[in-house]
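Trainee: Could we go through this one together, a piece at a time? I would like to ask things as they come up.

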Amino acid sequence: MADKLKTQEEKLELFKDSMKGESVYVLSCGPSLMRNDMNKLKQLIKNKPVISIKQAFDYFKQETDIHIYNYAT
């Protein structure tokens, strides 16, 4: 569905309040991510809303609900 939306505003509107009231986990692509026990981290975020930024998605594909990355048009 997101691929049919034209503007960033339309795409963002899809997610507005979609996780309201929940604890959302944001995984960044910084080097500190790799200092964690990946298995423990995966257990912690299991069945929770997860946003992965850039390359963090490579390590948490199954757990990620939203993937944020740079895209130039």
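Trainee: Let me start with one residue: is Asn47 buried or exposed?

Mentor: Keep in mind that this is a predicted model. Asn47 has a relative accessible area of 75%, and because anything over 50% counts as exposed, Asn47 is exposed.

Trainee: Where does Asn47 sit in the chain?

Mentor: Asn47 lies in the loop between helix H2, residues 38-45, and strand S2, residues 50-53. Its backbone deserves a look as well, since Asn47 is not a glycine and still has a positive phi of about 65°.

Trainee: Why point that out?

Mentor: Because most residues other than glycine have a negative phi.

Trainee: What about Lys54, what is its phi near?

Mentor: Lys54 also is a residue other than glycine with a positive phi, in this case near 45°. Lys54 belongs to the loop between S2 and helix H3, which covers residues 56-59, and with a relative accessibility of 33% Lys54 counts as partly exposed. You can add Asp17, which follows H1 and has a positive phi near 65°.

Trainee: Let's turn to H1 then. How many of its residues are buried?

Mentor: The number is zero out of eight residues, so H1 lies largely in the open. For the chain as a whole, buried residues make up 21% of the 73 residues.

Trainee: And the overall layout, what pattern does the chain follow?

Mentor: The chain has three helices and three strands, and if you read along the sequence they follow the pattern α-β-α-β-α-β. The C-alpha trace spans about 40 × 30 × 15 Å along its principal axes.

Trainee: New topic: how much space lies in the largest pocket?

Mentor: The largest pocket holds about 510 Å³ of space. Its lining is made up of 12 residues, and those closest to the centre are Gln8, Lys11, His67, Ile68 and Tyr69. Two elements, helix H1 (8-15) and strand S3 (66-68), each give two or more residues to that lining, and the largest share, four residues, comes from H1.

Trainee: What kinds of residues are in that lining?

Mentor: The lining divides into seven nonpolar, three polar and two charged residues.

Trainee: Last thing, how many aromatic pairs are there?

Mentor: A search of the whole structure finds zero aromatic pairs. There is, however, a ring with a charge over it, as the charged end of Lys42 sits over the ring of Phe60, 5.7 Å from the centre of that ring.

Key:
Residues numbered from 1 in each chain as written. Predicted model: local features only at pLDDT ≥ 70, side-chain atom pairs only at ≥ 80, totals over all residues. Heavy atoms only, no water. Phe/Tyr/Trp six-rings, centres within 6.5 Å; stacked < 30°, edge-to-face > 60°. Lys NZ or Arg CZ within 6 Å of the ring centre and 35° of its normal. 1 Å grid on protein atoms, 1.4 Å probe; cavity = no way out; pocket = protein on both sides within 12 Å on 5 of 7 lines; lining within 4 Å. Points joined across faces, edges and corners; volume = space filled by probe spheres on them. Nonpolar A, V, L, I, M, F, W, Y, C, P; charged D, E, K, R; others polar. Buried < 20%, exposed > 50% of the residue type's maximum accessible area, 1.4 Å probe, protein only.
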